[in-house]
Amino acid sequence: MSAPAPAPLAPTPPPGRPYSAYVYAYPHKTAYRPLPEPPALRDLWHGERKDALSLYLHIPFCEVRCGFCNLFTRIGAPDGLTGRYLDALERQATAVRDALGDDGPVSFANAAFGGGTPTFLTAPELERLCDIAEQRMGADLRAVPLSVETSPATATADRLAVLAERGATRVSIGVQSFVAEEARAAVRPQRRADVEAALGRIRDARVPVLNIDLIYGIDGQTPATWRTSLDAALAWRPEELYLYPLYVRPLTGLARRTALTDRAWDEQRLSLYRQGRDHLLAHGYEQVSMRMFRLAGTAPQGPDDHACQTDGMIGLGCGARSYTSALHYSFDYAVDMGEIRGIIDDYTATDDFTRAVHGRPTNGDEARRRHLLQSLLQAQGMPVADYRERFGADPHEDFPAELAAFAARGWLDQDGTGPLLRLTPEGLAHSDALGPELFSPAVRAAMAAYEAK
Ligand code: SF4
């Protein structure tokens, strides 16, 4: 699993509720709209810095649809669909590389295969995926950090061997819970023995960094069962661990979950978060963000927790987004299975990938918000001088009300007065409340007006 997306927001989020939305990219795709005059990619990328791009390839297939997931992915693939999808990916890669032009150096600083589940593809299909990244886009996969998402059932030895040989430096596996009843409650049924076997295969493949995703806040989860999952994960000494709070989102398998009141569920999640954080800190991990923990001494594998505020991103595949300094763009977005199938079918039938069709401008005020938001949500915080150098203003001048409110709630170190704007432990715990409060009114309105489909 990769980062789950936030649910659309109410126009004004209630201050202090700890779980409004996971802000891993700003603005969220629910704020994107069809672009009235789709701009040519060549014009969009002209003049952009292209010597340290991120490359993301999206594979929108999974074996099952987990109950908490609203990512852009479908269950299974009928005969030939993965081949047609890779054909389209290759056409898109060719068009995008052409659009990047040769007016300056083009190179990639990191790469990732996400989804969905990239290892839904067979070993030969994964070879082809790597070929597309290398031969069509010019990414040197063996020379840069390459992260790949996987699942217990699809992390087979032959697929992992391909990925390791082609340069994967990080494999991230969505386990969610080592307790069978909790996996069932999260609509992600799996046997612990199968999960442990998959982890063994990943370690055997000798990819340098293993990341394990776990979820807290599942129906019936207790401090004791949470501890069971944490310890089962720690037994593998993973270089990274992500602890995700459970969200219930429209149109997903858990959309009707009602066992606890909102307040009781918030308290359960906050308490399990604190338990998980303290447990990992006591076992040699450093906190990178609310969700991300890294074993001390492990080198970062690319941008931390989607924190790239400035570099360009090339996303390929029908669920991937791309970022220039002025526009974030992608294809249409949906959660409903029928809608997703339609969008994937349209993508595989597309010949012309030379224009951005769906997106949102991100210059001016939005760039400032994005920088502040994504830096502040990192445990290391944001040097005020970096913000000032980029935007020529102090973040306190740009966001006086928001930063004063965060300081008043005890969420900012030194009440936000120091040279480093950094969250306190309570601020980090409330990352999913704080982030949405920094959304612009226009983005908030677009998200609220978005109709889930
Ligand atoms: S494995 Fe589950 S969580 Fe991950 S993308 Fe597929 S459905 Fe979503």
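The following exchange concerns the domains, one helix pair and some backbone features of a predicted model.

Q: Into which domains is the protein chain divided?
A: Domain 1 covers 1-31 + 363-453, and domain 2 covers 32-306.

Q: What distance separates their centres?
A: The centres of domain 1 and domain 2, taken over C-alpha atoms, are 23 Å apart.

Q: Turning to helices, how do α2 and α3 pack?
A: Helix α2 (residues 81-100) packs against helix α3 (residues 123-136) at an angle of about 10°, and their axes are 10 Å apart. Angles under 35 degrees count as roughly parallel, so α2 is roughly parallel to α3.

Q: Which residues make that contact?
A: From α2 they are Thr82, Leu86, Leu89, Glu90, Ala93, Thr94 and Arg97; from α3 they are Glu125, Arg128, Leu129, Ile132 and Arg136.

Q: And how many are nonpolar, polar or charged?
A: The contact of α2 with α3 has five nonpolar, two polar and five charged residues.

Q: On the backbone now, which peptide bonds are cis?
A: One is the bond from Tyr26 to Pro27, with omega near -5°; Pro27 lies in the segment before β1 (33-34). Another joins Gly115 and Gly116, with omega about 10°, and Gly116 is in the loop between β5 (108-115) and α3.

Q: What is the phi of Arg206, and where is that residue?
A: Phi of Arg206 is positive, near 60°. Arg206 sits in the loop between α6 (192-204) and β8 (209-216).

Q: Is Arg206 buried or exposed?
A: Arg206 is exposed, because 9 other C-beta atoms lie within 10 Å and the cut-off for exposed is 12 or fewer.

Conventions. Residues are numbered from 1 along each chain as its sequence is written. This is a predicted model: local features need pLDDT of at least 70, side-chain atom pairs count only at pLDDT 80 or more; totals for chains, interfaces and linings use all residues. Axes are lines fitted to C-alpha atoms, for helices over the stretch in contact, and angles run from 0 to 180 degrees between N-to-C directions. Helices (H or I, at least four residues) and strands (E, at least two) are DSSP runs, numbered from the N terminus. Angles under 35 degrees count as roughly parallel, over 145 as roughly antiparallel, 65 to 115 as roughly perpendicular and the rest as oblique. Two residues are in contact if their C-beta atoms, placed from the backbone, lie within 7 Å. Ala, Val, Leu, Ile, Met, Phe, Trp, Tyr, Cys and Pro count as nonpolar, Asp, Glu, Lys and Arg as charged, and the others, Gly among them, as polar. Domain bounds come from an automatic or database domain assignment. A residue is buried if 20 or more other C-beta atoms lie within 10 Å of its own, exposed if 12 or fewer, and partly exposed in between; C-beta atoms are placed from the backbone.
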